[in-house]
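Me: I'd like a close look at one part of this model, and how that part fits with the rest. Could you take me through it step by step?

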Amino acid sequence: RWSLPPSGVKYSLTFELILAAKWRGLSDEQMEALPLESQGRVLAAYRTAMLLEAVQIHHPINEKKRR
């Protein structure tokens, strides 16, 4: 199980794979039919995209630099 710090929310890898498939435009069945290496690549891309989105939300490009 994975958790989201600092909230402590927990979710399963299966749930994250479902979200990654949806993000990539794949059905659950299409995702499951992929070789494990390909599933891993989709999951890694999804995780990276979510992290980049979170960084952009918390640190907008046009935010003024602190002095």
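Reply: Let's start with the buried residues of helix 1, which are Glu-16, Ala-20 and Ala-21. They span an arc of only 140 degrees around the axis, so they sit on the same side of helix 1. Look at the other side of helix 1 and you'll find Thr-14 and Lys-22, both exposed. Keep in mind that what you're looking at is a predicted model.

Now for the helix as a whole. Helix 1 has twelve residues, and at 1.5 Å a residue they should span 16 Å; the end C-alpha atoms are 16 Å apart, so the two figures agree. Right after helix 1 comes Gly-25, and its phi is positive, near 85 degrees.

Let's zoom out for a second to see where this helix belongs. The chain has three helices and two strands, and reading along the sequence gives you the pattern β-β-α-α-α. Of its 67 residues, 13% count as buried. The chain exposes about 6000 Å², with carbon and sulfur atoms supplying 59% of that. As for contacts between residues at least 6 apart in sequence, 30% of them join residues at least 24 apart.

Back to the buried side of helix 1. Take Ala-21: leaving out residues up to four places away in sequence, it touches Leu-26, Ser-27 and Met-31. Ala-21 and Met-31 also turn up together in the largest nonpolar core, a set of six residues whose other members are Ala-20, Val-42, Leu-43 and Tyr-46. Two elements, helix 1 and helix 3, each give two or more residues to this core. The largest share, three residues, comes from helix 3. There's a general trend to set beside this: in soluble globular proteins, nonpolar side chains tend to be buried together.

So helix 3 deserves a look too. This helix covers residues 36–58, and at 1.5 Å a residue its 23 residues should span 33 Å; the end C-alpha atoms are 33 Å apart, which agrees. Its buried residues are Gln-39, Val-42, Leu-43 and Tyr-46. And what covers them? The cover includes helix 1 (13–24) and helix 2 (28–33).

One of those buried residues, Gln-39, isn't on the list of core members, but Gln-39 does count as buried, because its relative accessibility is 12% and the cut-off for buried is under 20%. Leaving out residues up to four places away in sequence, Gln-39 touches Met-31, Glu-32 and Leu-34. Met-31 is the one you've already met, as a residue touched by Ala-21.

Finally, there's a link between helix 1 and helix 3 that you can pick out by its rings. The count of aromatic pairs comes to one. That pair is Trp-23 with Tyr-46, arranged edge-to-face, at 5.9 Å centre to centre and with 65 degrees between the planes. Trp-23 lies in helix 1 and Tyr-46 in helix 3, so the pair ties together parts that are 23 residues apart in sequence. The two partners are not covered alike: Trp-23 is partly exposed, with a relative accessible area of 40%, whereas Tyr-46 is buried, at 11%.

If you'd like to trace this on the model yourself, begin at Ala-20 and Ala-21 on helix 1, go on to the core they share with Val-42, Leu-43 and Tyr-46, and end at the ring pair of Tyr-46 and Trp-23.

Technical notes:
Residues are numbered from 1 along each chain as its sequence is written. This is a predicted model: local features need pLDDT of at least 70, side-chain atom pairs count only at pLDDT 80 or more; totals for chains, interfaces and linings use all residues. Side-chain values use heavy atoms; hydrogens and water are left out. Helices (H or I, at least four residues) and strands (E, at least two) are DSSP runs, numbered from the N terminus. The expected span of a helix is 1.5 Å times one less than its number of residues. Buried means under 20% relative accessible area, exposed over 50%, partly exposed in between (1.4 Å probe, protein chains only). Contact means heavy atoms within 4.5 Å. Accessible areas come from the Shrake-Rupley method with a 1.4 Å probe; for residues, only the protein chains shown count as cover. The arc is that of the directions from the helix axis to the C-beta atoms. Rings of Phe, Tyr and Trp (its six-membered ring) pair if their centres lie within 6.5 Å; planes under 30 degrees apart count as stacked, over 60 as edge-to-face and the rest as tilted. A nonpolar core is a set of buried Ala, Val, Leu, Ile, Met, Phe, Trp, Tyr and Cys residues joined through side-chain atoms within 4.5 Å.
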